[in-house]
Amino acid sequence: MDGGKVSEKTANHKTVNRDNGGHNSQTPHSAGVSRRKLVKSALTLGISGAAGLTGLKAAAQPDRQPDPLITDIQDWNRYLGDGVDARPYGHPSPFEKNIVRRDVAWLTADSKSSVNFTPLHALDGIITPNGLCFERHHGGIAEIDPASHRLMINGLVDTPLVFTMEDILRFPRENRMYFLECAANTGMEWRGAQLNGCQYTHGMIHNVMYTGVPLKYLLAEAGVKTSGKWLLPEGADPSHMTRSIPLEKGLEDCLVAFKMNGEALRPEQGYPMRLVVPGWEGTMWVKWLRRIEVGDKPWHQREETSKYTDLLEDGTARRFTWEMDVKSVITNPSPQAPITHGRGQMVATGLAWSGHGKIKRVDVSVDGGRNWQHARLDGPSYSKSVHRFYYDFAWDGHPMMLQSRAIDEFGRVQPTKDQLRAARGVNSIYHNNSIQTWLVGKDGSIENVEVS
Ligand code: MTE
Ligand code: CO
């Protein structure tokens, strides 16, 4: 894993039976972990909180020899460390060097990868650090001097305008927290469990606090004609990324953003400015934004016809499926973050989000969806932003089939894989928001599986 790539395709498509806990035996209830045991473990969980924490206290005061790491003075406690001039721009500790964006070699045809993934398994809270936000480029990263960057608004407007960066900074600005999810996130999992790690199955998402100018102010400055109904944002990169966006969305909550998490956008995220299209699929968030045309109908560009449409079972395709539906995933433990401490008190955590609004509730199952418990939502709850959830419980050491299921404020419930396939078939790449299962073995190792 250290090379930053998943080198081979895991074609196991592993399916496990809910009734035998992932054991190979075909006879339900015959294996070490029976359905009854899984149900029992789920029932114990309801009362495990306080007892589990007592267990932790005992573990912290073991009956063993004095620990030299607490009794002896260590090098870092003895010698003078670096001064402030050593790190004018801070980096993570070298001990965190494996927590990086990673790509999957076979996903990109040529040697230059065009997508990498956020290491969700190692993150907490709701903010994605700038250096770990996944990247998706259709023509590589445009390196742009902001002094040479312009944004044009043209088409069905009273006054076509060209803004400099300085002009943009004179409009009232706002700070808002949103997730960006690529429509292709979890796209490799339609036909079966494939990639072993939530970084790869779910890592085409990041959640950032944007500072930007509401697009409605810039449109008002140009004066949209009454015939103007659609917007076509265009990128300054060689892919000239363009997507048709209904004018109402542009006026409702879109931002022309220039800061992420307080500092300038990173070049890979569209420096010096990008369009923020809250709750809608990532392709519409045009980076290196250079032009917005106002028109009276959609343009039917490549990225909204041959790409980013959802091929259904009957051969027809759904189009203009902009909103990212309610979804969640347990990020830790997960295949890249196995359980190493053995049985007893532990924390499972994950992310839940909905392109429609806020998350109301997240349920967690340890038995493949047979029994569900409420998870604890923690941290700020913003519309169209990720929500952090925790499930604090005592693991009895038996195999688990960990799942999470999100419900948004409008009552939309995250579907199972079977429900999603019944509605949409398996031909699509995009908009897979189904429930993910992690199979936890007795030894704490974890695998991407499906339950039948
Ligand atoms: N904008 C431009 N100009 N060029 C691109 O290639 N990729 C799109 C979108 N905006 C793209 C773009 C896609 S498919 C996604 S998912 C998001 O940007 C990814 O944003 P990120 O790189 O900040 O994660
Ligand atoms: Co995308």
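**Strands 4 and 13.** I began with strand 4 (residues 150–155) and strand 13 (residues 289–295), and found that they pair in the parallel sense over four bridges. Looking for one such bridge, I noted that Asn154 has Glu293 in strand 13 as its bridge partner. I keep in mind throughout that this is a predicted model.

**The sheet around them.** I then asked in what order the strands of the open sheet stand. There are five of them, in the order 5-4-13-8-9, and the pairing is mixed. Strand 5 (161–164) and strand 9 (245–246) are at the edges with a single partner strand each, so one side of each has no neighbour in the sheet. For reading the side chains here, I remind myself that in a regular strand they alternate between the two faces of the sheet.

**His149.** Next I looked up His149, which is found in the loop between strand 3 (103–104) and strand 4. Is His149 buried or exposed? Its relative accessible area is 3%, which is under the 20% cut-off, so I entered His149 as buried. Leaving aside neighbours within four places in sequence, I found His149 in contact with several residues, among them Phe163, Thr164, Ala236, Trp288 and Arg290. The C-alpha atoms of His149 and Arg290 are separated by 7.5 Å, although the two residues are 141 residues apart along the chain. I also noted that a polar atom of the His149 side chain lies 2.7 Å from the backbone oxygen of Leu289, and Leu289 is itself on the list of residues that His149 contacts.

**Gly235.** I moved on to strand 8 (residues 230–235), where Gly235 has its place. Gly235 is buried, with a relative accessible area of 0%. Not counting residues up to four places away in sequence, Gly235 touches His240, Met241, Val286, Lys287, Trp288 and Arg290. I also checked Gly235 against Trp285, 50 residues apart along the chain, and found their C-alpha atoms separated by 9.6 Å.

**Strand 7 and its partners.** Which strands did I find paired with strand 7? Strand 6 (residues 174–181) pairs with strand 7 in the antiparallel sense over eight bridges, and within this pairing Glu181 has Ile205 as its bridge partner. Strand 10 (residues 255–260) also runs antiparallel to strand 7, joined to it by five bridges, and Pro214 stands opposite Leu255 in strand 10. I noted further that strand 7 (residues 205–214) is largely enclosed by the rest of the structure, because nine of its ten residues are buried.

**Ligand 1.** How many residues surround ligand 1? I found 22, of which the closest are Phe134, His138, Asp237, Arg274 and Lys287. An oxygen atom of ligand 1 lies 2.6 Å from a backbone N or O atom of Phe134, and a polar backbone atom of Arg136 is 3.0 Å from an oxygen atom of the ligand. From the side chain of Arg274, an N or O atom is 2.7 Å from an oxygen atom of ligand 1. The protein covers 100% of the 530 Å² of accessible area that ligand 1 has on its own.

**Cysteines.** Last, I searched the whole structure for disulfides and found zero. I looked up two cysteines as well: Cys198 is buried, with a relative accessible area of 0%, and Cys254 is buried too, with a relative accessible area of 2%.

Note on methods. Residues numbered from 1 in each chain as written. Chains lettered and ligands numbered in written order. Predicted model: local features only at pLDDT ≥ 70, side-chain atom pairs only at ≥ 80, totals over all residues. Heavy atoms only, no water. Disulfide = S-S within 2.5 Å. Buried < 20%, exposed > 50% of the residue type's maximum accessible area, 1.4 Å probe, protein only. Helix = DSSP H or I, 4+ residues; strand = E, 2+ residues; numbered from the N terminus. Contact = heavy atoms within 4.5 Å. Pairing = 2+ DSSP bridges. Polar contact = N/O pair within 3.5 Å; in protein donor to acceptor, adjacent residues only side chain to side chain. Near = heavy atom within 4 Å. Areas by Shrake-Rupley, 256 points an atom, 1.4 Å probe, with all protein chains shown as cover.
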